[in-house]
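Biologist: Could you put the model up and walk me through it? I'll ask as we go.

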Amino acid sequence: MALWENYYLARDISDALQALAAAKGEARLIAGGTDLLLEMQHGRHTPVDTLVDVSSIPEMRRLEIQPGSSNADERDQQGSSMFMCAA
Ligand SMILES: Cc1cc2nc3c(=O)[nH]c(=O)nc-3n(C[C@H](O)[C@H](O)[C@H](O)COP(=O)(O)OP(=O)(O)OC[C@H]3O[C@@H](n4cnc5c(N)ncnc54)[C@H](O)[C@@H]3O)c2cc1C
């Protein structure tokens, strides 16, 4: 049995949202697959209808922590950076 039926490489956020909405069954975002693909291969996640790959979308390649969130406040007190970039 295939772990997924359809793989879609999204061009931008709007494209990704349309692909999620258009899926006939369960759709999951995928950013690298280091967690999700292993979980499916090892039977810890059921096969999905559609994988929507967001790894080519620039906005999906960074993580920004906004002031006001509990994590950001904690980081403020520790004097750590408020910005992280995964790209
Ligand atoms: C050998 C190995 C070593 C590792 N070592 C470390 C380590 O040292 N430190 C550490 O922190 N982690 C580590 N990890 C864990 C892994 O690298 C992280 O959890 C990483 O963040 C997975 O990112 P991914 O983009 O591959 O996730 P994926 O497998 O693509 O996705 C994981 C989950 O997030 C969802 N998802 C993906 N993108 C989005 C999105 N944009 N919005 C909402 N949901 C989304 C998916 O649907 C899925 O449920 C390791 C993993 C492996 C296999």
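Biologist: In what order do the elements of the protein run from the N terminus on?
Modeller: This is a predicted model, so to speak of local features we need pLDDT of at least 70, side-chain atom pairs count only at pLDDT 80 or more, and totals for chains, interfaces and linings use all residues. Residues are numbered from 1 along each chain as its sequence is written. Helices (H or I, at least four residues) and strands (E, at least two) are DSSP runs, numbered from the N terminus. The protein has three helices and five strands, and the order is β-α-β-α-β-β-α-β.

Biologist: In what order do the three strands of the open sheet sit?
Modeller: Two strands pair if DSSP finds at least two bridges between them. Strand 1 and strand 3 pair in the parallel sense over five bridges, while strand 2 and strand 3 (residues 48–53) do it over four. The order is 1-3-2.

Biologist: Which strands stand at the edges of that sheet?
Modeller: An edge strand has a single partner strand, so one side of it is left without a neighbour in the sheet. That is the case for strand 1 (4–9) and strand 2 (27–30).

Biologist: By what angle are neighbouring strands of this sheet turned against each other on average?
Modeller: Axes are lines fitted to C-alpha atoms, for helices over the stretch in contact, and angles run from 0 to 180 degrees between N-to-C directions. For this average, though, direction is ignored. The value is 25°.

Biologist: At about what angle does helix 1 run to strand 3?
Modeller: Helix 1 (residues 13–22) lies across strand 1, strand 2 and strand 3. Its angle to strand 3 is about 180°.

Biologist: Which element supplies the largest share of the largest nonpolar core?
Modeller: A residue is buried if 20 or more other C-beta atoms lie within 10 Å of its own, exposed if 12 or fewer, and partly exposed in between, with C-beta atoms placed from the backbone. A nonpolar core is a set of buried Ala, Val, Leu, Ile, Met, Phe, Trp, Tyr and Cys residues joined through C-beta atoms within 7 Å. The largest one has ten residues, including Tyr8, Ala16, Ala27 and Leu51, and helix 1, strand 2 and strand 3 each supply at least two. The largest share, three residues, comes from strand 3.

Biologist: What percentage of the 87 residues in the protein is buried?
Modeller: The count goes over the protein's 87 residues. Buried ones make up 13%.

Biologist: Which residue in strand 3 stands opposite arginine 28?
Modeller: Arginine 28 has its place in strand 2, where alanine 27 stands opposite threonine 50 in strand 3. Over in strand 1's partnership with strand 3, tyrosine 7 stands opposite leucine 51. For arginine 28, the residue opposite is also leucine 51.

Biologist: Is arginine 28 buried, exposed or partly exposed?
Modeller: Two residues are in contact if their C-beta atoms, placed from the backbone, lie within 7 Å. Leaving aside neighbours within four places in sequence, arginine 28 is in contact with Leu36, Val48 and Leu51. It has 15 C-beta neighbours inside 10 Å, so it counts as partly exposed.

Biologist: Which element gives the most residues to the shell around the ligand?
Modeller: A residue is near a molecule or strand if its C-beta atom, placed from the backbone, lies within 6 Å of it. The residues around the ligand include Arg28, Ile30, Gly32, Asp35 and Met60. Strand 2 and helix 2 (36–41) are the elements that give two or more residues. The most, three residues, come from strand 2.

Biologist: How far apart in space are leucine 37 and tryptophan 4, C-alpha to C-alpha?
Modeller: Leucine 37 lies in helix 2 and is partly exposed, with 15 other C-beta atoms within 10 Å. In sequence, leucine 37 and tryptophan 4 are 33 residues apart. In space, the C-alpha distance is 9.8 Å.
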